[in-house]
Structure formats: C-alpha cells, structure tokens
Amino acid sequence: MKLPIFQIDAFAEKVFSGNPAAVCPLDAWLSDEHMQAIAAENNLAETAFFVSNGPDFDLRWFTPKFEIDLCGHATLASAFVLYAHLGYQGPSITFHTKSGPLKVTQIHDQLSMDFPSRPPEQAFAPDDLQEGLNISPLYVGKSRDYLVRVGSEAEVRACAPVMERIARLNAVGVIVTAEGEAEGVDFVSRFFAPQAGVPEDPVTGSAHSTLIPFWADILGKNRMVAHQISERGGVLHCGFNQERVTIAGKAVTFLKGEIMIDG
C-alpha cells in the first residue's frame, strides 16, 4: 500500500522554521493502529490524516504517542496541502474534527483558522508543575493544558523544564507565557508536552485557543500578534471573538513523497 505524505512547515515563511507537520490525504480511513504507527514513525509533533466528506473533510491528528483532540499547526498544514498541492480552490475549507467543525480561510498569503476559545480557569499548581518548571509564576490556570504566566519574556526564554516531572501532569502540556517585549509583539510563549512525546513543540496553534482569551482579557485587545519563542520560532496573528478565536499564519512545503506499508 502506498500513501501520499507531505511535510509542511507551518507558521513559517521559509523551511527549517515554524513547526513541521506530516499530512497524509486518504481515500478512506486506515485503522487507528496504522495511523498511530505512522505518526510514531514520522516522530513529528503531529501527523494529520484527512478524508473527503462531501464538500468538506474529516480530519484527525496523532502525536507520536496518542491521538489528540485539537492541533493548530497540522490543521494549517492540511489546508495548505489542499490549496498548494491538491487543487482545492474554494475560499475556505471546513474540517470536521473531535473539536467540532474548524474553518480555514485563505486570505492573501496567509491561512486563517477559526478555533474554539478555551480560556483557562485559575488552578492550584501541583508539585510536579512547580518543581518541573522551577520558576515563580504570576498566575497558574488550566484548560486542556496548564498555563503559567511569568513576569518577563526573558523568564520564558530561560525556562528549562525537568521533563520527567512535567510528563506526570494530568494535562496534554504546559504553556509558559509572558507579555511580549519586542515592538509589535503582544505576548510570547513556549509549550512543553513530554507526555505526548513532544518535549518542546516549536509552534502550537491549539495552545493559542487558551492563550488568546487569556491575553485578550489582560491587554484589552481583540487583535494580537504572538511569537512562540522556541528554537525554530513562529509568528501567529490572533483574534478573539468570545466563543471562538482566529489564528493565522503562513506555511511552506519541505517534502512530498510516499509511505510504503506492507499488508
């Protein structure tokens, strides 16, 4: 069996930046075991699989360890594959997912994703979080992920988690964030998810479902620019509309090829 595969750098203007995602367009679903094995073999933060569903598409995402409920960069990458490689010409694409319908709209050279808003609720910081991060938080909240606000961008950059402690937490991952210091940057973040097989994710769209409502409330702004300040880095153009958020960025193709599976 031969399956097409694309590797796309999402939230990037050039290769070797942003967050790489594998995208596998399918004629019909593979078994969960096959998709999980492919994701583990790819060993990227996420591998996306999609199948046509009338005018729309059904979309699923797998980390190297398990299927995840929401992924931003692999959704952006999937839309990019449809537009750039598979001849899709509509103004927008609707993906049906475990998090409901997600619409991606092409706006000039960017793709804008309409995602659910997942604001954090203030939470107690368990020992594994405090000792795993070894930083002094201004705020700890939780949605799907823990969100930890610190006092400066420098603290976000210097954060060196003990991954064994972070991996014990009852959450997909941990967001560390602070207000941005560069001109035109509203907030910065990093994202750690060793329990998902991703020690540090380069650019995490789904984390911004929590970051956007959090910072919109603090800054009093509905339009913001975010930088995820991982080693590869990425820029996200963010919007807040109460129950929904928008996350926009660019993408580029790194490779396209075929997966060869026996049986």
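## Two cysteines and no disulfide

The sulfur of Cys71 has its closest cysteine sulfur in Cys24, 13 Å away, and that is too far for a bond. Looking from the other end gives a matching picture: for the sulfur of Cys24, the closest cysteine sulfur is the one in Cys71, at 13 Å. A disulfide calls for two cysteine sulfur atoms within 2.5 Å, and by this rule the count of disulfides is zero. Please keep in mind that this is a predicted model.

Are these two cysteines buried or exposed? Cys24 is buried, with a relative accessible area of 0%. Cys71 counts as buried too, at 3% relative accessibility.

## Strand S4 and its partners

Strand S4 covers residues 56-62, and it is a good place to begin a tour of the strands. Six of the seven residues of S4 are buried, so this strand is mostly covered. Which strands does S4 pair with? Its partners include S3, S6 and S5, taken in turn below.

Strand S3 (residues 47-53) runs antiparallel to S4, and seven bridges join the two. Asn53 stands opposite Asp56 of S4. The hairpin of S3 and S4 has two residues between the strands, and in this hairpin Gly54 takes a positive phi near 65 degrees. With S6, strand S4 runs parallel, joined by two bridges; here Asp58 has His96 in S6 as its bridge partner. Strand S5 (residues 67-68) is antiparallel to S4 and is also joined to it by two bridges. Phe62 is partnered by Glu67 in S5, and a hairpin of four residues leads from S4 to S5.

## Aromatic rings that meet

How many aromatic pairs does a search of the whole structure find? The search finds 10. One of them brings together Phe57 and Tyr88, with 6.1 Å from centre to centre and 65 degrees between the planes, an edge-to-face arrangement. This pair links distant parts of the chain: Phe57 belongs to strand S4, while Tyr88 sits in the loop between helix H2 (72-84) and strand S6 (92-97), 31 residues apart. Phe57 is buried, at 11% relative accessibility, whereas Tyr88 is partly exposed, with a relative accessible area of 22%.

Phe57 and Tyr88 also belong to a wider group, since ring pairs link them with Phe50, Tyr83 and Phe95 into a cluster.

## Charges over rings

Two basic side chains can be found over ring faces. Arg60 lies over the face of Trp29, 5.4 Å from the ring centre. Lys142 is placed over the face of Tyr146, at 5.5 Å from the ring centre.

## The enclosed helix H6

Why is helix H6 described as largely enclosed by the rest of the structure? Nine of the 12 residues of this helix (residues 208-219) are buried, and that is the reason for the description. The buried residues are His208, Ser209, Thr210, Leu211, Ile212, Pro213, Phe214, Trp215 and Ala216.

Two neighbours in that list, Phe214 and Trp215, are both buried. Their rings form an edge-to-face aromatic pair, 5.4 Å centre to centre with 80 degrees between the planes. After H6 comes Gly220, which has a positive phi near 65 degrees.

Note on methods: Residues are numbered from 1 along each chain as its sequence is written. This is a predicted model: local features need pLDDT of at least 70, side-chain atom pairs count only at pLDDT 80 or more; totals for chains, interfaces and linings use all residues. Side-chain values use heavy atoms; hydrogens and water are left out. Rings of Phe, Tyr and Trp (its six-membered ring) pair if their centres lie within 6.5 Å; planes under 30 degrees apart count as stacked, over 60 as edge-to-face and the rest as tilted. Buried means under 20% relative accessible area, exposed over 50%, partly exposed in between (1.4 Å probe, protein chains only). A charge sits over a ring if NZ of Lys or CZ of Arg is within 6 Å of the ring centre and within 35 degrees of the ring normal. Two strands pair if DSSP finds at least two bridges between them.
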